[in-house]
Amino acid sequence: MKSSSPVIVALDFPSEKETMQLVEQLEPSLCRLKVGKELFTRCGPALVRQLVDKNFDVFLDLKYHDIPNTVARACAAAADLGVWMLNVHALGGEKMMSAAKQALSTNNGKTPLLIAVTWLTSSGQSELDALGVKSTPQDMVSRLATMTQDAGLDGVVCSAQEAQILRQSMGDDFLLVTPGIRPADAGKDDQCRVVTPERAMQDGASYLVIGRPITQANDPCKVLQSIVATLNT
Ligand code: C5P
């Protein structure tokens, strides 16, 4: 059965072996999977296909940012892998994002969801100042989210702490995909500002990206099931 779960498990592993050891314990009905730069660079498209063939919805988190033609062609190539969702950097601009969207909708076969990263949560005011940009991180996030919507994309990746404001300003149909999620009883790892799964969903998140609380657990499936259960009550 395909997923209706809002949980996306971040597969931040350096090898196929470790990835598949975890994936064998998970169910497509309980979660979707995120493949990022490390895993993709090590294991490539073959691993993505393997996950898709196991019936998982795969979010290919490669955050494309280049000239419009190059990004459009990369997005079409990702769609050919059968991924469910992929992303670009909103800082690439509206023309780049529109070209990406256009390439997906004219590609034969299923059209993946396309979302954008706004202002990275690892960058703050000092990075904007260094660029000479007269804005606050919050204004930057709002501006880039609006540009993303204007370009016809499906949503953005954002901090769970930005979800409430973005949900109000961007409307109900815009996807908000939020990392930095920690169940109340989990450690924070290197995340600074964390939000519980329930709170993120209440604040308007559409999907929750969760890595280490699940991937490093003694019983990953049990932790996943308990997170999903808290969201269904
Ligand atoms: O293990 P953890 O739950 O912290 O993993 C979060 C995932 O979300 C990682 O893959 C990380 O790269 C990603 N992410 C993030 N913060 C962002 C964007 C992406 O933690 N602002």
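A salt bridge here is a side-chain nitrogen of Lys or Arg within 4 Å of a carboxyl oxygen of Asp or Glu. The model is predicted: local features need pLDDT of at least 70, side-chain atom pairs count only at pLDDT 80 or more, and totals for chains, interfaces and linings use all residues. Residues are numbered from 1 along each chain as its sequence is written, and side-chain values use heavy atoms, with hydrogens and water left out.

**Exercise 1. Describe the salt bridge of Asp57: partner, distance, location and burial.**

Step 1. The partner is Arg32, and the closest N and O atoms are 2.5 Å apart.

Step 2. Place both residues. Helices (H or I, at least four residues) and strands (E, at least two) are DSSP runs, numbered from the N terminus. Asp57 sits in the loop between helix 2 (37-53) and strand 3, while Arg32 is in strand 2 (residues 32-35). The pair links distant parts of the chain, 25 residues apart.

Step 3. Check burial. Buried means under 20% relative accessible area, exposed over 50%, partly exposed in between (1.4 Å probe, protein chains only). Asp57 is buried at 8%. Arg32 is buried at 6%.

**Exercise 2. Find what is unusual about the backbone of Lys63, then describe its surroundings.**

Step 1. Recall the background. Most residues other than glycine have a negative phi.

Step 2. Read the angle. Lys63 is not a glycine, yet its phi is positive, about 45 degrees.

Step 3. Locate the residue. Lys63 belongs to strand 3 (residues 58-64). Its relative accessibility is 22%, so Lys63 counts as partly exposed.

Step 4. Look for a charged partner. Lys63 forms a salt bridge with Asp61, with the closest N and O atoms 3.0 Å apart. Asp61 is buried, with a relative accessible area of 7%.

**Exercise 3. Trace the salt-bridge network that includes Asp190 and Arg212.**

Step 1. Start with the pair itself. The side chains of Asp190 and Arg212 form a salt bridge of 2.6 Å, N to O.

Step 2. Ask what the pair connects. Asp190 lies in the loop between strand 7 and helix 8, and Arg212 in helix 9 (residues 212-215), so the bridge ties together parts 22 residues apart in sequence.

Step 3. Compare accessibility. Asp190 is exposed at 58%. Arg212 is partly exposed at 32%.

Step 4. Extend the network. Salt bridges that share partners join Arg182, Asp189, Asp190 and Arg212.

Step 5. Inspect Asp189. Its phi is positive, near 55 degrees, in a residue other than glycine. Asp189 is in the loop between strand 7 and helix 8 (197-202). Asp189 is partly exposed, with a relative accessible area of 47%.

Step 6. Put the pairs in context. The count comes to nine salt bridges.

**Exercise 4. Work out which side of helix 7 is buried and what packs there.**

Step 1. List the buried residues. In helix 7 (residues 163-170) they are Ala163, Leu166, Arg167 and Met170.

Step 2. Explain the pattern. These residues cover an arc of only 105 degrees around the axis, which puts them on the same side of helix 7. The arc is that of the directions from the helix axis to the C-beta atoms.

Step 3. Turn the helix. The face away from the buried side carries the exposed residues Ile165 and Gln168.

Step 4. Find the packing partners. Contact means heavy atoms within 4.5 Å. The buried residues of helix 7 pack against helix 6 (137-150), strand 6 (155-157) and strand 7 (175-178).

Step 5. See what comes next. Gly171 follows helix 7, and its phi is positive, near 90 degrees.

**Exercise 5. Identify the nonpolar cores and the contacts of Val88.**

Step 1. Set the rule. A nonpolar core is a set of buried Ala, Val, Leu, Ile, Met, Phe, Trp, Tyr and Cys residues joined through side-chain atoms within 4.5 Å.

Step 2. Take the largest core. It has 63 residues, and Leu11 and Val88 have the most contacts inside it.

Step 3. Follow Val88. Beyond its neighbours within four places in sequence, Val88 contacts residues including Lys63, Val71, Met96, Ile115 and Leu153.

Step 4. Add the other core. A second, separate core of 12 residues includes Trp84, Val157, Leu175 and Tyr207.
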